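Here is a structure to look through, one space at a time. The turns below go through its pocket, its ligand and its cavities.

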Amino acid sequence: MRKSKALIFEMGRTGRQGYSLPSNDVPDKPLGELLPDKMQRSCDLGLPELSEVEIIRHFTELSTRNFGVDTGFYPLGSCTMKYNPKVNEEAAALPGFAFMHPCQPQQASQGALELLYNFEQGLKELTAMDRFTLQPAAGAHGELTGLMVIQAYHRHRGDHKRNKVLIPLSAHGTNPATVSMAGYEVVQVPCDDRGLVDLNALKEALDDTTAALMLTNPSTLGLFEEEIIPMARAVHEAGGLLYYDGANMNAIMGYTRPGDMGFDVVHLNIHKTLSTPHGGGGPGGGPVGVKERLIPFLPVPLVDKKNEEFYFDYDVPDSIGKVHAFYGNFGVAVKAYTYMRMMGAEGLKQASTDAVINANYLMSLLKKTFYLPYDRICKHEFVLSARPEKKKGAGAGDIAKALLDRGFHPPTVYFPLIVEEALMIEPTDTEAKETLDAFAAVMEMIAKDIDEDAEKVAHGPYNTVVGRLDEVRAARSPILRWEKES
Ligand SMILES: *Cc1c(COP(=O)(O)O)cnc(C)c1O
């Protein structure tokens with residue numbers, strides 16, 4: 001394995017050059033004439049001086065330390081680290097898209113507008129919603145946009161009492177955070193012993209202060225909420241709306257649709273479901289779709305079409321306003337649309353089929369060795385509990401480090417909170433059987449290592465560029481700047 005190398009600041013040697021500029025053929029003016037004194041540098045910048053090949057090697061080597069879907073298996077549950085087909089990148093790099101200016105007049109942007117319009121039609125079909133905004137830049141951003149739309153709807157009807165949003169115990173952390181951000185109160189709904197939302201508890205929690213129920217289906221346990229229809233009916237009868245967190249949509253594409261289950265608002269994480277890159281926190285995409293009665297509150301502008309001409313529609317009188325500059329992350333929309341068109345309706349359905357088959361196959365292998373608290377057919381992901389291993393001395397976090405040591409990215413750990421020592425595994429649709437077998441074999445090896453010497457596993461990893469980090473110190477007193485040792 002590669003060992004930690006020198007920092008670029010320590011590699012420089014005075015006088016080395018990476019690039020030579022042509023000699024100056026413009027008469028030199030004294031710097032003082034061009035820049036006032038106070039704007040001139042008073043001391044040397046101290047930048048490292050290196051040759052081109054040294055710089056290239058340094059950054060290329062750094063890039064290989066990054067773990068990505070292009071370098072290995074990445075079963076990060078809930079996050080859906082889906083393969084990003086390269087044709088998406090090619091489409092987004094087409095000069096007509098890549099070099100467009102956001103202020104270009106509408107007549108000169110017809111192709112881009114048409115793409116946004118068609119992308120919206122595809123999303124509507126996929127989810128059974130009536131209109132979409134493509135502005136939100138991520139799932140969490142979509143959640144906030146969606147809740148603001150719900151808030152605007154209730155207020156518009158003069159229904160000011162509704163100040164609570166219900167969330168199941170198995171929900172993703174962004175859900176309660178969004179609820180608070182939107183100024184609502186969180187009400188937690190418990191799950192039953194099957195890991196599903198407890199319908200009776202939900203009914204009891206509903207009243208005339210309920211603004212919405214926020215739910216992902218399948219849940220973060222990878223389980224489909226079978227009682228979604230009676231749940232939706234109960235929420236609507238209480239005057240609330242249903243918000244669908246679409247982060248797990250990749251499990252059900254072409255099989256069922258949130259709009260058909262009774263949801264009123266939906267966000268999709270296109271970096272999860274439609275194969276665009278997560279990109280280290282962005283730029284992403286979290287389009288929000290709504291049913292007819294909520295269209296008047298969507299962000300402006302919407303993309304529309306009149307007499308074969310596409311345009312931005314700002315005429316949405318009750319709109320919550322803009323939620324992103326211009327029209328969201330356009331390049332991401334191009335990638336997701338390309339994926340949709342390359343796959344076609346049947347292809348998207350197949351991707352969901354494969355995601356579910358892969359998850360169930362891997363689950364059947366791993367449950368021979370590990371504890372599976374909710375032992376049922378899963379959707380795209382499943383959650384193991386490393387509680388037994390923890391008792392022996394090495395828990396979920398230690399298993400994650402041991403996986404890094406053997407070349408696999410770990411699954412999501414310690415989430416969802418409903419499972420103690422959770423290991424949340426999502427293999428995605430594109431992985432081969434051999435990869436899943438290899439991962440299961442390594443997990444079994446780790447279990448054996450824990451039986452033999454849990455203490456050793458609890459101090460890993462041993463083969464990575466950096467060993468075990470002091471996570472508390474890294475969070476509390478991070479060192480973010482290089483300083484020369486004197
Ligand atoms: C990822 C995720 C989110 C948040 O989406 P971001 O795009 O990361 O902001 C919300 N809910 C669930 C279930 C998720 O998996």
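Q: How much space lies in the largest pocket?
A: The model is predicted, so local features need pLDDT of at least 70 and side-chain atom pairs count only at pLDDT 80 or more, while totals for chains, interfaces and linings use all residues. Residues are numbered from 1 along each chain as its sequence is written, and side-chain values use heavy atoms, with hydrogens and water left out. A pocket is an open set of points on a 1 Å grid over the protein atoms alone, with protein on both sides within 12 Å along at least five of seven lines; points are joined across faces, edges and corners, and a volume is the space filled by probe spheres set on the points. For the largest pocket this space is about 630 Å³.

Q: Which residues that line the largest pocket are the closest to its centre?
A: A lining residue has an atom within 4 Å of a grid point. The largest pocket has 21 of them, and the closest to its centre are R65, F67, L404, T464 and V465.

Q: Which elements each supply at least two residues of the lining of the largest pocket?
A: Helices (H or I, at least four residues) and strands (E, at least two) are DSSP runs, numbered from the N terminus. On that numbering, the elements are α15 (396-405) and α17 (471-476).

Q: How many residues in the lining of the largest pocket are charged?
A: Asp, Glu, Lys and Arg count as charged; Ala, Val, Leu, Ile, Met, Phe, Trp, Tyr, Cys and Pro as nonpolar; and the others, Gly among them, as polar. The lining has 10 nonpolar and 7 polar residues, and its charged residues number 4.

Q: Which residues around the ligand are the closest?
A: A residue is near the ligand if one of its heavy atoms lies within 4 Å of it. The ligand is surrounded by 13 residues, and the closest are S78, G139, D245, H271 and K272.

Q: How much of the accessible area of the ligand does the protein cover?
A: Polar contacts here are pairs of N or O atoms within 3.5 Å. An N or O atom in the side chain of S78 is 2.6 Å from a ligand oxygen, a polar backbone atom of A140 is 2.8 Å from a ligand oxygen, and a polar side-chain atom of H172 is 3.4 Å from a ligand nitrogen. On its own the ligand has 380 Å² of accessible area (Shrake-Rupley method, 1.4 Å probe), and the share covered by the protein is 87%.

Q: Which element gives the most residues to the shell around the ligand?
A: Two or more residues come from each of α7 (139-156) and α12 (270-273). The element that gives the most, with 3 residues, is α7.

Q: What is the volume of the second largest cavity?
A: A cavity is a set of grid points where a 1.4 Å probe fits but cannot get out. The structure holds 2 cavities of 30 Å³ or more. The largest has about 80 Å³ of space, and the second largest has a volume of about 50 Å³.

Q: Which element gives the largest share of the lining of the largest cavity?
A: This cavity is lined by 14 residues, with L134, I270, G285, N329 and A333 nearest its centre. At least two residues each come from α6 (110-127) and α13 (330-366). The largest share, 3 residues, comes from α13.

Methods:
A polar contact is a pair of N or O atoms within 3.5 Å; within protein, one must be able to donate a hydrogen and the other to accept it, and residues adjacent in sequence count only if both atoms are side-chain atoms.
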